[in-house]
Amino acid sequence: MTRMNAMPVREQETHILLVEDDPADARLIEIYLEESGFGDWSIDRAQSIQEALDQLSEQDYAIVLLDLTLPDGTGPENIRRIKAEFPDQNVVVLTGFDERVFGLEAVQQGAQDFLVKGDYDENSLAKTLRFSIERQNFIRRLEETQKIARIGSWEFHPDTGRLLLSDQVLALTKPDDSEVKDGLPSVELNHLLRRIHRIALSGREVNLDTRIKISGNGERYFHVQCQLTRASNNEEVVQGILQDVTDRYQTEEMRKARDLARKSTEIREQFIASISHEMRTPMNAIMGLSNVILTSDGVKGEQKQMVQAIRDASDILLGIVNDILDFSSIQAGKIQFREDPFSLRSVCRNLEQILATKVSDKGLFWKMHIDDQVPDQLIGDKLRMSQILFNLLGNAIKFTESGQVALYIELIERDRQRVRLTFRIEDTGIGIPEEAQMSIFEDFNRVKYQNKTYEGTGLGLAITRQLVELQQGRIWLESQVGIGTTFFVDLGFTVESAYKNGHIIPDATLTSEGAFRGTILVVEDHKMNQLVARKTLERQWPDIHILMAEHGQIALDLLERHHVDLVLMDLQMPVMDGYQATSLIRRHPLPRIRQVPVLAMTANAYVSQDTQLHEKGFTDFVLKPFEPEQLFARILQYAPIKSISI
Ligand code: ADP
């Protein structure tokens with residue numbers, strides 16, 4: 001090899017490798033290039049194919065000018081050998097006058113163009129070289145674009161059976177580079193191409209999504225387009241492209257899976273909510289009527305015990321319904337926490353009242369102590385706080401056969417706006433074995449006992465933990481088998497400082513102790529629930545006067561004809577529902593009707609999230625099935641004029 005030009009190598013210089021064994025032809029090229037004003041260039045020369053291959057492996061060349069008659073090779077074979085090792089190399093072929101046909105064939109083998117010796121001048125030489133470089137750059141850019149877009153293209157010549165695959169087709173359908181080099185399609189691709197070509201050759205356009213197995217590397221998804229065209233020589237050519245759409249496909253699949261999951265969660269939640277609503281209504285009757293029977297004078301002995309058992313069983317059933325409902329809304333991410341002012345001590349006293357019978361029935365001691373430093377007026381979700389304490393205290397009572405159950409509340413942190421409190425729930429019960437303590441807060445987890453079974457779903461603690469943690473709190477426990485268990489809950493609350501400015505009315509201390517002699521209008525379409533309400537109220541307050549309406553329209557008529565102290569309003573009713581009735585009451589021209597307290601009676605456990613209640617003007621609500629004590633307390637709270645403390 002000899003360097004024929006001594007010009008210094010510069011950035012923009014075009015590097016040419018001239019593969020020519022005839023010195024005269026080589027010199028002619030150099031002269032033409034000098035005369036053509038081709039720009040900055042340099043030529044290295046090789047005199048055989050082997051020398052050219054060595055040279056190409058050492059250096060990059062913008063063009064190889066390749067003579068087709070060399071000592072170690074003749075004809076299109078020369079280009080095949082170069083292309084086999086350097087498939088992307090830009091090659092322009094030089095042929096003798098009587099070897100033109102070789103030139104054409106060389107182009108088919110991958111040469112950019114050919115020049116016939118003795119038939120070109122400086123201008124056509126420069127033009128051919130420039131054009132070949134441009135074309136090569138263009139192809140390179142196209143390939144880069146295809147690579148970025150993960151598109152590969154191919155051509156199939158049915159006459160000869162020749163298949164030309166772009167590198168990208170191979171790179172996309174083969175597992176690694178080493179396999180791409182052979183230039184052959186994988187078995188799976190071959191199979192696909194044959195199928196597609198058959199369609200295209202029948203004159204139909206192919207436009208489909210498919211997947212191809214990548215041997216040992218899973219499978220990928222492709223969008224394939226293919227059609228039959230005609231080359232300039234009228235030869236039939238099938239042209240196709242394939243694009244790797246795996247990422248898009250997977251994202252789409254994930255979106256579909258997510259939508260499906262969301263939809264099924266929604267359906268499940270709706271289902272659970274409506275089932276629970278449907279269950280609450282008959283349970284209201286069972287619980288309410290057994291309460292009525294239990295407080296009747298005539299019921300004694302075994303009969304009383306049986307009714308008590310019905311009452312206890314339905315209590316448990318209600319607990320389960322509530323748990324499942326809560327669990328499902330926590331799972332659906334639907335729980336919202338309210339930020340309302342409340343009195344901590346009055347909420348705890350309420351809880352104490354509800355649990356009192358359970359504690360005394362089991363012959364346990366009860367202790368509650370709230371540290372003096374703990375502020376009473378807080379802002380937070382009092383219902384959720386009660387639920388947490390109710391779950392933990394309920395368990396403490398359930399799993400304790402003798403001794404004491406206690407609730408302690410202490411202050412652990414306080415600044416101007418916030419407090420952190422620790423609730424300690426202590427029992428002297430059976431305890432929780434150490435190995436079970438870790439998993440006790442997980443869904444459906446229960447401890448198996450050899451000689452006793454306790455009813456429950458194993459959801460209570462899972463729900464409790466979620467309720468605590470969703471409020472940025474912490475829950476943990478200490479326990480010793482046979483000695484007892486202590487659950488600790490840390491929760492933060494805002495201190496109700498606005499209270500001092502008189503903005504917020506303190507939570508009334510609820511009590512069910514009081515006489516009531518007024519008139520209550522019960523608006524309820526369900527016969528069984530009418531009976532429960534009537535019996536429950538009459539048993540508590542024999543002097544009470546009860547009006548009964550089956551729907552809102554009748555209720556409005558009765559309100560106009562009678563003086564009513566308080567309305568208990570069911571929500572879902574025929575003719576006129578509770579929402580409409582209450583909003584008409586609030587707009588009534590008569591102040592005594594406009595201002596009557598209206599309590600919603602609802603079996604909808606999500607009632608606290610029902611913004612309509614507030615909008616339509618309900619005073620408050622009672623949840624069905626109701627604890628009689630709570631119903632009495634609510635009535636006394638809102639219709640206090642007719643009540644006399646005893
Ligand atoms: P369950 O509905 O079964 O009571 P929980 O999630 O409330 O479900 O409780 C899970 C299990 O944790 C209970 O079955 C019981 O084995 C154990 N456990 C919970 N609280 C106590 C406690 N105070 N004393 C002893 N064991 C308890």
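Is E144 buried, exposed or partly exposed? Select it and see: E144 is partly exposed, because its relative accessibility is 46% (buried means under 20% relative accessible area, exposed over 50%, partly exposed in between, with a 1.4 Å probe and protein chains only).

Before going on, some ground rules. This is a predicted model, where local features need pLDDT of at least 70 and side-chain atom pairs count only at pLDDT 80 or more, while totals for chains, interfaces and linings use all residues. Residues are numbered from 1 along each chain as its sequence is written, and side-chain values use heavy atoms, with hydrogens and water left out.

**Stop 1: the negative patch**

Keep E144 selected and show its helix: E144 belongs to helix 5, residues 122-149 (helices are DSSP runs of H or I with at least four residues, strands are runs of E with at least two, and both are numbered from the N terminus). Now add D88, E143 and D167 to the selection; together with E144 they make up a patch of negative charge on the surface. Patches are made of residues with over 30% relative accessible area and no salt bridge, like charges being joined within 9 Å and nonpolar side chains (Val, Leu, Ile, Met, Phe, Trp, Tyr) within 5 Å. For the charges, Lys and Arg count as positive and Asp and Glu as negative, with His and the chain ends not counted. Each charge is placed at NZ of Lys, CZ of Arg, CG of Asp or CD of Glu.

**Stop 2: R150 and its partner**

Next, pick R150, in the loop between helix 5 and strand 9. Check its backbone: R150 is not a glycine, yet its phi is positive, about 55°. Then show the side chain of D244, which forms a salt bridge with R150, the closest N and O atoms being 2.9 Å apart (a salt bridge is a side-chain nitrogen of Lys or Arg within 4 Å of a carboxyl oxygen of Asp or Glu). This pair links distant parts of the chain, 94 residues apart, with D244 sitting in strand 13. D244 counts as buried because its relative accessibility is 7%, whereas R150 is partly exposed at 33%.

**Stop 3: strand 13 and its neighbours**

From D244, extend the selection to strand 13, residues 236-244, and add strand 9, residues 151-157: the two pair in the antiparallel sense over 6 bridges (two strands pair if DSSP finds at least two bridges between them). To see the register, label S153 and, opposite it in strand 13, I241.

Now bring in strand 12, residues 219-230, which runs antiparallel to strand 13 and is joined to it by 9 bridges. Here V224 has L242 of strand 13 as its bridge partner. Strands 12 and 13 form a hairpin with 5 residues between them, and N234 in the turn has a positive phi of about 70°.

**Stop 4: a nonpolar patch**

Jump to helix 9, residues 246-294, which supplies the largest share of the nonpolar patch, 3 residues. Select F271, I275, M279 and L317 to see the whole patch on the surface, with about 340 Å² of accessible area together (areas come from the Shrake-Rupley method with a 1.4 Å probe, and for residues only the protein chains shown count as cover). F271 lies in helix 9 and is exposed, because its relative accessible area is 52%.

**Stop 5: more salt bridges**

How many salt bridges does the structure hold? There are 25. Try D25 and K117, whose side chains meet at 3.0 Å, N to O. They link distant parts of the chain, 92 residues apart: D25 is in helix 1 (residues 23-36), and K117 is in the loop between strand 8 (113-116) and helix 5. D25 is partly exposed, at 23% relative accessible area.

Then zoom to R338 and D340, a salt bridge with its closest N and O atoms 2.7 Å apart. R338 is partly exposed at 37% relative accessibility, and D340 is partly exposed at 31%. Back at D25, add E20, D67 and K117: salt bridges that share partners join these four residues into one network.

**Last stops**

Select T422 in strand 18, residues 418-427; it counts as buried, at 9% relative accessibility. Draw a C-alpha to C-alpha distance to Q308: the two are 36 Å apart in space and 114 residues apart in sequence.

Finish at Q472, in the loop between helix 14 (460-469) and strand 19 (474-480). Q472 is exposed, with a relative accessible area of 62%, and its phi is positive, near 60°, in a residue other than glycine.
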